[in-house]
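Reader: Please pick one part of this model and go through it closely. I would like to know what lines it and how its surroundings are held together.

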Amino acid sequence: MRLPSGRRLDLLAPTPFDWTDEDLAIGLARTFRWGGHSIWPGAPLSVAQHSLAVLALRRSRERGGLTQAEARRELLHDAEEGLLGFDCISPLKPFLGAGFAALQARLGTAVALRYALPAWTPEAKRRHKSCDIALAAAEAVHVAGWTRAEVRGTLGIRAAVMEADPLQAAYGGEAGFAPWRPWPPELAAARFLAALATLTGL
C-alpha cells in the first residue's frame, strides 16, 4: 500500500518503519466503525475518534493514573486497523479465518515495536476491554442508532449504555462540539496525532 507520506507498506511483511505518525492518524481517521453507518449527517464514526474515547474513559476509571506507555497502548489498541484501512464488524470476523487474524497480528506486532507498547497483562487487558465494550454499547445507541434493548438482545453487548461522552471533558468547550457526534476525518486525524505526539514525547 502506498501511504499519504509516499511510504509503502507491505501488509504481508510490515516493519515498524513503514509509516509516519501522520499516515497512521489519517488511516485511523478514514477507517470507520459500525460498517460506516451512522445516524448523524456527514462523516461516520472513525476509529481515531473511538481510540481517543477509549483512552479518555480508561483514564477516568484509573484511580492511580496511567503511565505514558499504558496510555499509548490504549490509544493505539486498534492501530492496525488504520494501516489496513478496515475495521471488521464483529459478526464477520469468524468468516475471515486464520489468515486475516495472522495479518492483523503482524501489523499489531509492528505497531507495538514502533511505539514501545508494553505487553498486555491479564488485568490491564480486562480493564481495557471493559472500556472498549462500554464504548461499543454507547456508540451502538448514540451513533449507530440501535435501541438499548437491541444492544443487549440483538448485539449481545452486556454493558450499560453511557449517556456522557468521555471526550466531553477534553473537547466539550470547543465550538461545534456535540457529544457523540462523529468528527470529520481531518479533525479526527489532527486530534489523534496531537494525542500521539504528547504520549511519545514529540
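The second largest pocket and its surroundings

Author: In this predicted model, the second largest pocket has a volume of about 230 Å³. It is lined by 13 residues, and those closest to its centre are Leu 52, Leu 55, Ala 56, Arg 59 and Ala 170. Three elements give two or more residues to this lining: H2, helix H8 (168–171) and helix H9 (185–200). H2 provides the largest share, five residues. By class, the lining divides into ten nonpolar residues, two polar and one charged.

The aromatic contacts come next. The search of the whole structure finds two aromatic pairs. In one, the rings of Phe 86 and Phe 100 have centres 5.9 Å apart and planes at 65 degrees, so the pair is edge-to-face. Phe 86 belongs to the loop between H4 and H5, while Phe 100 is in helix H5, 14 residues apart, and the pair links these distant parts of the chain. Phe 86 counts as partly exposed because its relative accessibility is 33%, whereas Phe 100, at 14%, counts as buried.

The other pair brings the account back to H8. The ring centres of Tyr 171 and Trp 183 lie 5.2 Å apart with the planes at 75 degrees, so this pair is edge-to-face too. Tyr 171 is in helix H8 and Trp 183 is in the loop between H8 and H9, so the contact ties together parts that are twelve residues apart in sequence. Tyr 171 has a relative accessible area of 14% and is therefore buried. For Trp 183 the value is 4%, so this residue is buried as well. The ring of Trp 183 has a further partner: the charged end of Arg 191 sits over it, 4.4 Å from its centre. A comparable arrangement involves Arg 73, whose charged end sits over the ring of Trp 120 at 4.2 Å from its centre.

H2 can be followed through its charged side chains. Arg 58 forms a salt bridge with Glu 74, with 3.0 Å between the closest N and O atoms. This pair links distant parts of the chain, as Arg 58 is in helix H2 and Glu 74 in helix H3 (residues 68–75), 16 residues apart. Arg 58 counts as buried because its relative accessibility of 4% falls under the cut-off of 20%. Glu 74 counts as buried because its relative accessibility is 1%.

The Arg 58–Glu 74 bridge is part of a network of salt bridges that links Arg 58, Glu 62, Glu 74, Glu 123, Arg 126 and Arg 127. Within this group, Glu 123 and Arg 127 form a salt bridge whose closest N and O atoms are 2.8 Å apart. The two are four residues apart in helix H6 (residues 122–142), so about one helical turn separates them. Both lie in the range from 20% to 50%: Glu 123 is partly exposed because its relative accessibility is 36%, and Arg 127 is partly exposed because its value is 34%.

H6 leads on to the largest pocket. About 1,100 Å³ of space lies there. Its lining has 39 residues, with Asp 78, Glu 81, Lys 93, Lys 129 and Asp 132 closest to the centre. H4, H5 and H6 are the elements that give two or more residues to this lining, and H5 gives the most, with seven. Its lining has 18 nonpolar, eleven polar and ten charged residues.

Between H4 and H5 runs the loop that holds Gly 85. Gly 85 counts as partly exposed because its relative accessibility is 47%. Its C-alpha atom is 7.4 Å from that of Arg 30, although the two residues are 55 apart along the chain. A salt bridge also involves this loop: the side chains of Arg 33 and Asp 87 meet with an N to O distance of 3.9 Å. Asp 87 is in the loop between helix H4 (79–84) and helix H5 (93–114), while Arg 33 is in the loop between helix H1 (21–29) and helix H2 (47–61), so that distant parts, 54 residues apart, are linked. Arg 33 and Asp 87 are both buried. This bridge is one of ten salt bridges found in the whole structure.

Key: Residues numbered from 1 in each chain as written. Predicted model: local features only at pLDDT ≥ 70, side-chain atom pairs only at ≥ 80, totals over all residues. Heavy atoms only, no water. Salt bridge = Lys/Arg side-chain N within 4 Å of Asp/Glu carboxyl O. Buried < 20%, exposed > 50% of the residue type's maximum accessible area, 1.4 Å probe, protein only. 1 Å grid on protein atoms, 1.4 Å probe; cavity = no way out; pocket = protein on both sides within 12 Å on 5 of 7 lines; lining within 4 Å. Points joined across faces, edges and corners; volume = space filled by probe spheres on them. Nonpolar A, V, L, I, M, F, W, Y, C, P; charged D, E, K, R; others polar. Phe/Tyr/Trp six-rings, centres within 6.5 Å; stacked < 30°, edge-to-face > 60°. Lys NZ or Arg CZ within 6 Å of the ring centre and 35° of its normal.
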